[in-house]
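Here is a friendly tour of one helix pair and a few charged contacts. Have the model open as you read along.

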Amino acid sequence: MSPSAAAPHAKTAFVLAGGGSLGAVQVGMLRALLESGIEPDMVVGSSVGAINGAYFAGDPTLEGISKLERLWCGLKRTDIFPWTWRRLLSFVRGRGHLVPADGLRRLLEHHLPYRDLEDAAVPVHIVATDILSGQAVVLSRGPAATAVLASSAIPAAFAPVEIDSRLLCDGAIASNTPVATAIALGARRLIVLPTGFACAPERAPSGAIASALHAITLLTARQLVAELERIKRPAQYHILPTACPLGVSPFDFARTPELIEQAYRKALHWIAEGGLASSAIPAALRPHLHAAPTAFRPAVTDWINKAHQQSSNNTGREAFNALG
């Protein structure tokens with residue numbers, strides 16, 4: 001696809017993917033893009049990409065990104081996933097979800113610089129998943145915190161969020177990197193901010209939430225590749241580089257500053273080397289695994305291959321179910 005395929009005035013969309021705590025990399029990417037004079041006409045986000053995208057759309061400045069970075073660096077896992085033994089017991093008995101969404105809702109309501117999506121400085125569109133049909137649902141109006149909460153509601157971990165009589169959950173299930181949504185909304189130049197996945201894990205994920213997040217990041221990286229390969233002219237896309245090899249779990253919030261700085265430097269280098277003139281799909285997004293502890297290397301490799309096979313043939317929701 002030629003870089004000149006889209007007209008100079010074509011609408012530019014920043015498309016932000018999901019990926020749990022790996023969403024921290026998008027802060028560094030956004031900083032590099034703005035410092036290089038690259039600004040969007042719209043922002044489209046899913047899952048943690050909805051959180052970052054909604055915040056950025058409210059204050060699309062370097063100062064706003066600095067505030068977002070401070071927010072990320074102050075986060076602890078328990079701020080997002082404040083589970084208790086009582087909650088776990090209730091979940092096992094089929095009486096609820098693993099963690100309440102109260103902490104995340106308070107975080108969003110306190111820090112988002114606007115109330116309703118239509119009040120953002122840059123048009124923002126949040127993608128969630130209809131939990132009954134598995135279809136992507138685009139939210140462009142109404143309470144911002146509620147929309148982002150719906151897009152971030154990992155199945156089983158958080159309760160689905162009801163909006164307009166529909167139960168919505170994590171946007172990653174239907175469209176983790178909503179490139180097709182951005183095109184449908186009129187964008188013809190897509191700047192994609194992926195989060196990557198743990199391709200060099202130090203150990204197998206443990207626990208329900210960690211395992212679910214790891215599975216989703218594996219699945220959705222393949223989903224992105226499949227969606228990009230189906231894009232036709234006049235739309236063009238440019239994908240920022242992710243860390244590879246990466247050993248950080250999407251459930252690990254302890255290495256946020258490192259992730260942000262690494263992503264910032266990689267993005268600056270990518271821009272300087274002509275990344276915005278290329279529509280190549282990075283090899284880091286395709287199925288691969290670096291050296292891993294022998295004890296679980298076969299299991300992880302099989303998980304990656306299974307995710308790839310399912311995402312090539314099924315919808316996001318069907319593939320996610322198949323991994324279970």
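Contact here means heavy atoms within 4.5 Å. Keep in mind that this is a predicted model.

**The α2 and α3 pair**

With that cut-off, Val48, Asn52, Tyr55 and Phe56 in α2 meet Gly64, Ile65, Lys67, Leu68 and Trp72 in α3. The residues of this contact comprise six nonpolar, two polar and one charged. Helix α2 spans residues 48-58 and helix α3 residues 62-73, and their axes lie 10 Å apart at an angle of about 140°. The two helices are therefore oblique to each other, and α2 passes α3 in a right-handed crossing.

**Salt bridges**

The count of salt bridges comes to seven. The table shows three of them, including one that involves α3.

| Acidic residue | Basic residue | Closest N to O distance |
|---|---|---|
| Glu69 | Arg31 | 2.9 Å |
| Asp116 | Arg115 | 2.8 Å |
| Glu261 | Arg265 | 2.8 Å |

Glu69 sits in helix α3 and Arg31 in helix α1 (residues 25-35), so this pair ties together parts that are 38 residues apart in sequence. Glu69 is partly exposed at 21% relative accessibility, whereas Arg31 is buried at 15%.

How exposed or buried are the partners Asp116 and Arg115? Asp116 is buried, with a relative accessible area of 15%, while Arg115 is exposed at 59%.

Glu261 and Arg265 are four residues apart in helix α11 (residues 256-272), a separation of about one helical turn. Here Glu261 is partly exposed, with 28% relative accessible area, and Arg265 is exposed at 55%.

Key
Residues are numbered from 1 along each chain as its sequence is written. This is a predicted model: local features need pLDDT of at least 70, side-chain atom pairs count only at pLDDT 80 or more; totals for chains, interfaces and linings use all residues. Side-chain values use heavy atoms; hydrogens and water are left out. Axes are lines fitted to C-alpha atoms, for helices over the stretch in contact, and angles run from 0 to 180 degrees between N-to-C directions. Angles under 35 degrees count as roughly parallel, over 145 as roughly antiparallel, 65 to 115 as roughly perpendicular and the rest as oblique. A crossing is left-handed if the near helix is turned anticlockwise from the far one by less than a right angle, and right-handed if clockwise. Ala, Val, Leu, Ile, Met, Phe, Trp, Tyr, Cys and Pro count as nonpolar, Asp, Glu, Lys and Arg as charged, and the others, Gly among them, as polar. A salt bridge is a side-chain nitrogen of Lys or Arg within 4 Å of a carboxyl oxygen of Asp or Glu. Buried means under 20% relative accessible area, exposed over 50%, partly exposed in between (1.4 Å probe, protein chains only).
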